[in-house]
Amino acid sequence: MTARPIIQIQNAVKRFGDFTALNNVSLDIQEGEFFSLLGPSGCGKTTLLRLIAGFGDATEGTILIGGEDMTGVPANHRPTNMVFQSYAVFPHLNVADNVAFGLRRRGLPRAERDQLVNEALDRVGLSGLGHRRANELSGGQRQRVALARALVLSPKVLLLDEPLSALDKKLREQMQVELRRLQRSVGITFILVTHDQEEALTMSDRIAVMFDGKISQIAGPEELYQKPATRRVAEFIGGMNFLDATVTDDANGEVTLDSKSIGTITLPRPEAFLANDQDVTLAVRPERLTVSENGQDLGGHVLDGKIADTAYYGETTHYSVDLDRCGTRIWVSVSNSHGSHLLATGQPVRVGWDPAALVLLN
Amino acid sequence: MRLNALYFYAIAYMVFLYLPILFIPLFSFNDSTIVAFPLQGFTLEWYGMMAGNEAMQGALWNSIKVGVSSAVLATTFGVLGARAIVRYRFFARPAITGVIMTPLFLPEIIVAISLLVVMLQLGLSLSLVTVTLAHTLLAIPYSMAILMSNFEGFDQSLEEAASDLGETPLGAFFRVTLPNVLPGIISSLLITFTISLDEFIVAFFLADTEPTLPVYIFSQIRFPAAIPGVLALGTILLVASFLLLTAGELLRRSSVKRLQLKEDAGI
């Protein structure tokens, strides 16, 4: 990966009438990166992708691709290609002609064109299906046609608009792995739009989480999961427990907090400014907590409570626990790696926690 | 018992509707100038007589001119209107759609008289041109209905995909949009041509001295000797209309089916 950003988005704003779909977004995407735009529907991620593709221009701000200002450059003159959510496979053409669609304008000799088409079909696992018509293909196959059709043009950037949302779970997981492998082998920058946090985490080098037309956080998958920047990001990605707390002291690079749920605790000072008596939120992932039957001494920090609800998922079990101390309900995820027995509703338990697992959000 | 009553009703309905029409081809092969049972024998004489009938051939030629012109005009407006209504959300869209579709429900005699008044007021002399304009008006709703179902099935992202793959807007239209809506356009041409071909009242009011086929047929009914020839002509019109409408509907169905290619298929 080189340091030169292939895509630079500078203060992009997009308005549709009174509605602001994108609100001052700035973003650099590196060459060869697998980058995801993640957020709930209506957050502006698809709008941003369409601006990069050239379907309309930003109301304000600029988009540069490979260092060139793309303002006023229509989609057919941009070095990007897109895989549409509906795949947009041309129904009047067979698979090979779909893949050759963009090549036809380049005036290549027929033999060379056929070779490129066959290579592209091989790459996406559709060898020998060139003569099939679009309505003879399954959803997964149509998506591969859309991929081959875009990749055969060797774009600088491949844009993917929710490409896996229409597939069933099994096929979706298989395509996640394949897309990642494909991206590594062709070395093209991929920009993926998705509302599925798991999809973004498993496939991406970096992820931008968007809400209400703004970017909340840009980070790699692990950092995003372990150190969410805001409560909204923490809520959107994975499960999370939130506990209210108040700052009581800030000294020697450490902050002391008081919480109704877990008492007084001292944590390393975060970068953000904290004032005394400021209300903050402590977040902890359910899988970073442990649960044990009452009486067992776990050592370290423990909270007593009662099981309020149980959900069994096979590989994990999710317990809702009402804490005796304050009545707060927290959620604990337990791995079933030891085949441990299920705890009954109402059973007294002890929840173990580690201060290092706490994330401080303000 | 209830089922039997319904069954009987359906049979009676079909007989009442279609049996009189079937008499037309039947008597067109009957070897007698009198249209009555019993049948006298089989003949192709009435069909042969058409070859020498210049007035009838003139009327046929008029009908074809009017039919082709109004089919092309109605389908052109139909393409523009259907695309706008399906693709864009604009002021008073439902009301405008309603106004365009209204000729479908207006009594033709009212349309014919009002058009006659308007055209005379405008100082237009009656001719095949006025008939063509009126037929275009009557055929536009049919064209719109056919093409709207066509455009509704046409995924807008197909045009965007063409553009994304390097095609110019004009190129995208010719390489993607047109091939996909072409069956609908042909279907609209066939059906609007048939509507014009069969239309009598408006053609009767708005034509001057040049009759279309239905007007010619009406004028011949006064002469008993001409009736078998009219029956033969009617049979040909019947068969032609049936073939054109069937072809049009088959094309429309196949194109809608092909375009409604959603991502619902499994592996």
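Two residues count as being in contact if their C-beta atoms, placed from the backbone, lie within 7 Å. By that yardstick, the contact draws 26 residues from chain A and 21 residues from chain B. The model is a predicted one, in which local features need pLDDT of at least 70, side-chain atom pairs count only at pLDDT 80 or more, and totals for chains, interfaces and linings use all residues. Residues are numbered from 1 along each chain as its sequence is written, while chains are lettered from A and ligands numbered from 1 in the order in which they are written.

On to confidence. The predictor puts the complex at an ipTM of 0.80 and a pTM of 0.77. For chain B, pLDDT (the predictor's confidence in each residue, from 0 to 100) averages 84, and 94% of the residues score at least 70. One stretch to handle with care is 261-267 of chain B, where pLDDT stays under 50 and the model has 14 contacts beyond four places in sequence. Where pLDDT is low, the predicted coordinates should not be read in detail.

Back at the contact, helices and strands are DSSP runs numbered from the N terminus (H or I, at least four residues, for helices; E, at least two, for strands). On the side of chain B that touches chain A, α7 (157-164), α8 (169-198) and α11 (227-259) of chain B each supply at least two residues. Helix α7(B) gives the most to that side, with six residues. The residues of this side of chain B split into nine nonpolar, six polar and six charged; here Ala, Val, Leu, Ile, Met, Phe, Trp, Tyr, Cys and Pro count as nonpolar, Asp, Glu, Lys and Arg as charged, and the others, Gly among them, as polar.

Next, the sheets of chain A, where two strands pair if DSSP finds at least two bridges between them. One open sheet has five strands in the order β15-β19-β16-β17-β18 (chain A), with antiparallel pairing. Its edge strands, β15 (290-293) and β18 (329-335) of chain A, each pair on one side only. The twist averages 45 degrees from one strand to the next, with axes being lines fitted to C-alpha atoms (for helices over the stretch in contact) and angles running from 0 to 180 degrees between N-to-C directions.

Within this sheet, β16 (residues 301-312) and β17 (residues 316-323) of chain A run antiparallel and are joined by seven bridges. A:Ala311 has A:His318 in β17(A) as its bridge partner, and A:Thr310 stands opposite A:Tyr319. The two strands β16(A) and β17(A) form a hairpin with three residues between them, and A:Gly314 in the turn has a positive phi of about 95 degrees. Strand β16(A) also pairs with β19 (residues 348-353) of chain A, antiparallel and over six bridges. There, A:Asp304 has A:Arg350 of β19(A) as its bridge partner.

A further open sheet of five strands follows the order β13-β12-β11-β14-β20 (chain A), again with antiparallel pairing. Strands β13 (263-268) and β20 (359-361) of chain A sit at the edges with a single partner strand each, so one side of each is left without a neighbour in the sheet. Here the twist averages 40 degrees from one strand to the next. Strands β11 (residues 241-251) and β14 (residues 279-284) of chain A pair in the antiparallel sense over six bridges, with A:Ala283 in β14(A) as the bridge partner of A:Phe242.
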